[in-house]
Amino acid sequence: MVFYENALALNEVSVQLNPAEVVGVFGSNGAGKTTLLNTVAGLTLVYARREARRGGVRVTVAGQVRLEGQDVTAWDVPERVRRGLVLCRERHAVFRDLTVSENLRLGGYLRSRAEVEESVAFACELMPPLRRLWRKPAGMLSGGEQQMVAIGMALAARPRWLLLDEPLLGLSPALQAEIVRVVGEIRRHGVAVLVAEQYARAVLPVVDRGYVVESGALVLSGTRSELASQAEVQAAYFGGSWASPRTHP
Amino acid sequence: MPELLTVLVYGLVQAAVLLLVALGFSVTFGLSGIPNFSHGGVYILSGFVCWFSLRKLGWPYPLAVAASVAVAATVGLLVYAAVIRPVRRLVLAEVIATFAVGVAMLELFRWMGLVTYEFNLPAVVAGSVALGDVVVDAHRLVVVASAAGLGLALWWFGRATRTGLALRAMAQEEYTALSLGIREDRMAALSVVLGSALAAVAAVLVLPLGLISINLGYDAMLVALAVTVTGGTERTAGLVLAALLLGLSTVVAGVLIGPHWSEVVYLAAIVAVLAVRPSGILGRLKELEERV
Ligand SMILES: Nc1ncnc2c1ncn2[C@@H]1O[C@H](COP(=O)(O)OP(=O)(O)OP(=O)(O)O)[C@@H](O)[C@H]1O
Ligand SMILES: [Mg+2]
């Protein structure tokens with residue numbers, strides 16, 4: 001459960017991610033997807049501590065995060081990253097003044113040089129444009145290219161569980177398909193992926209299971225085919241919005 | 001009216017002095033947003049450490065320099081842990097707390113009576129050089145070269161090392177940096193240590209131009225603020241340009257009006273830049289506006 005001041009952002013939401021599985025979390029703006037992913041990654045705790053010191057937003061976090069049965073709720077972010085739990089934040093979270101290669105190298109901040117080299121090579125193989133953009137500042141790239149950098153950074157951290165927050169946000173259908181292909185490849189290499197999206201349709205082909213959250217509460221969950229059939233009924237989450245993916249300024 | 005060349009040469013030297021004196025403060029502020037006003041205190045302390053190692057302990061010059069950098073870095077770490085960390089992110093408290101430390105150090109030196117003429121540091125190289133009609137002492141040229149070298153070294157550090165990249169990343173996109181496992185506390189401490197070490201480098205280069213006096217510590221704080229505000233913290237180029245502008249202006253003001261006008265120039269620059277371009281002369285005002 002996560003409580004921001006007096007807004008309940010997550011309530012009794014429980015998600016599970018099995019090895020080498022792609023799981024979707026779907027919900028509209030403000031549903032609590034980012035809160036969920038940040039909490040799993042440990043960032044909400046950092047935010048809560050910082051706000052408490054400033055006397056800012058009061059944040060209450062309750063509940064448990066378990067990795068392979070081990071309770072990691074109290075672990076800080078570096079410990080979780082080292083263990084293989086890696087978050088790729090929403091809105092193309094890259095370092096705009098740093099070049100693509102610097103961004104990728106930083107992704108593996110906690111890994112050895114050899115490990116970073118290997119995982120960056122893997123990221124470039126999955127997303128060939130990265131090599132071409134190598135020396136460009138990330139801030140000069142298109143949204144799709146930035147998203148590739150962001151995913152590349154997360155891969156450089158050598159995840160076993162990868163949390164992707166709205167990787168398709170603002171991308172053209174062709175680029176969305178490309179990112180979805182990349183997600184499939186990542187899974188094929190044994191990484192479990194938890195992907196948050198507003199619209200289920202584009203990622204549905206690659207997810208094994210999915211959850212639908214609304215106003216911080218779980219309203220639906222099931223396998224891909226269950227979700228797909230539900231989708232026909234629940235136009236609000238899946239149907240009407242397909243044609244108009246949200247873009248951000 | 002002195003030759004134009006003289007004004008240019010001494011303006012350049014003055015610019016290098018300003019850049020060196022401001023660099024530590026700017027680097028800390030640019031990397032972690034900490035306005036470390038103990039800077040002036042650490043600057044003078046470093047001068048005294050170098051003086052003490054040379055004159056009282058009889059250490060060779062390089063060792064004395066190393067000692068003063070090491071002491072400054074250690075003091076930086078202590079100031080961070082004891083004074084800054086407890087009030088981190090409360091900007092006003094950070095300013096007051098660090099300023100108090102700086103003043104305490106300087107006034108402690110005054111109280112200890114460290115105010116006589118014996119406190120001087122040797123030039124890195126003796127002698128003087130003639131540039132056309134203008135004669136400059138070699139040490140002033142070393143100051144210019146060091147300022148340039150230090151700027152380049154920092155540029156390299158920020159690009160080629162993992163720690164440098166992490167520091168820049170933290171300054172740009174905090175939560176993304178945190179999500180990669182970069183530790184905020186460590187980076188903030190490092191930024192203060194680095195800034196303090198740079199204050200010591202500035203001290204051993206700049207203080208030989210005169211005597212070590214307590215008031216230079218207060219001057220250093222003002223210079224640091226003026227250069228940082230004028231240049232902005234986003235780019236090293238902004239700092240260099242600010243140092244050049246302020247350096248030339250103070251030399252010109254000194255020639256035209258009188259030698260005691262430099263403080264007025266610094267303060268005027270601070271006020272003017274804050275009024276017109278709050279993100280500094282090379283700051284990205286557009287982005288700032290977009291964010292608002
Ligand atoms: N830092 C914060 N302070 C206060 N309230 C917050 C904060 N972050 C999120 N919230 C609130 O928590 C709720 C969930 O937000 P969250 O960002 O998790 O949604 P989301 O599903 O990721 O939405 P989006 O699709 O827009 O990214 C919202 O009601 C939001 O207003
Ligand atoms: Mg979100």
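Here is a short walk through chain B, from its fold to its contacts with chain A. Please keep in mind that the model is predicted.

Let's begin with the secondary structure. Chain B is built from twelve helices and two strands. If you trace the chain from the N terminus, the order of elements is α-α-α-α-β-β-α-α-α-α-α-α-α-α, with the two strands coming after four helices and eight more helices following them.

What about the overall dimensions? The C-alpha trace of chain B spans about 55 × 45 × 35 Å along its principal axes. For a chain of 292 residues, a compact globule would have a radius of gyration near 19 Å, and chain B has 19 Å, so the two agree. The contacts within the chain add to this picture: among those between residues at least 6 apart in sequence, 73% join residues at least 24 apart.

Next, turn to burial and surface. Of the 292 residues in chain B, 49% count as buried, meaning under 20% relative accessible area. The chain exposes about 13100 Å², and 70% of that comes from carbon and sulfur atoms. As for charge, chain B carries 17 positive and 16 negative side chains, and 8 Å separates the centres of the two sets.

Finally, look at where the two chains meet. Here 27 residues of chain B are in contact with 27 residues of chain A. About 2600 Å² is buried between the two chains, with carbon and sulfur atoms giving 55% of this area. Which three residues of chain B supply more of its buried area against chain A than any other three? They are B:Arg162, B:Tyr175 and B:Leu180, which supply 27% of the area that chain B buries there.

How values were computed. Residues are numbered from 1 along each chain as its sequence is written. Chains are lettered from A and ligands numbered from 1 in the order in which they are written. This is a predicted model: local features need pLDDT of at least 70, side-chain atom pairs count only at pLDDT 80 or more; totals for chains, interfaces and linings use all residues. Side-chain values use heavy atoms; hydrogens and water are left out. The radius of gyration is taken over C-alpha atoms; the globule rule is 2.2 Å times the number of residues to the power 0.38. Buried means under 20% relative accessible area, exposed over 50%, partly exposed in between (1.4 Å probe, protein chains only). Contact means heavy atoms within 4.5 Å. Accessible areas come from the Shrake-Rupley method with a 1.4 Å probe; for residues, only the protein chains shown count as cover. Lys and Arg count as positive and Asp and Glu as negative; His and the chain ends are not counted. The place of a charge is taken as NZ of Lys, CZ of Arg, CG of Asp or CD of Glu. Buried area is the accessible area (1.4 Å probe) that two parts lose on being put together, summed over both.
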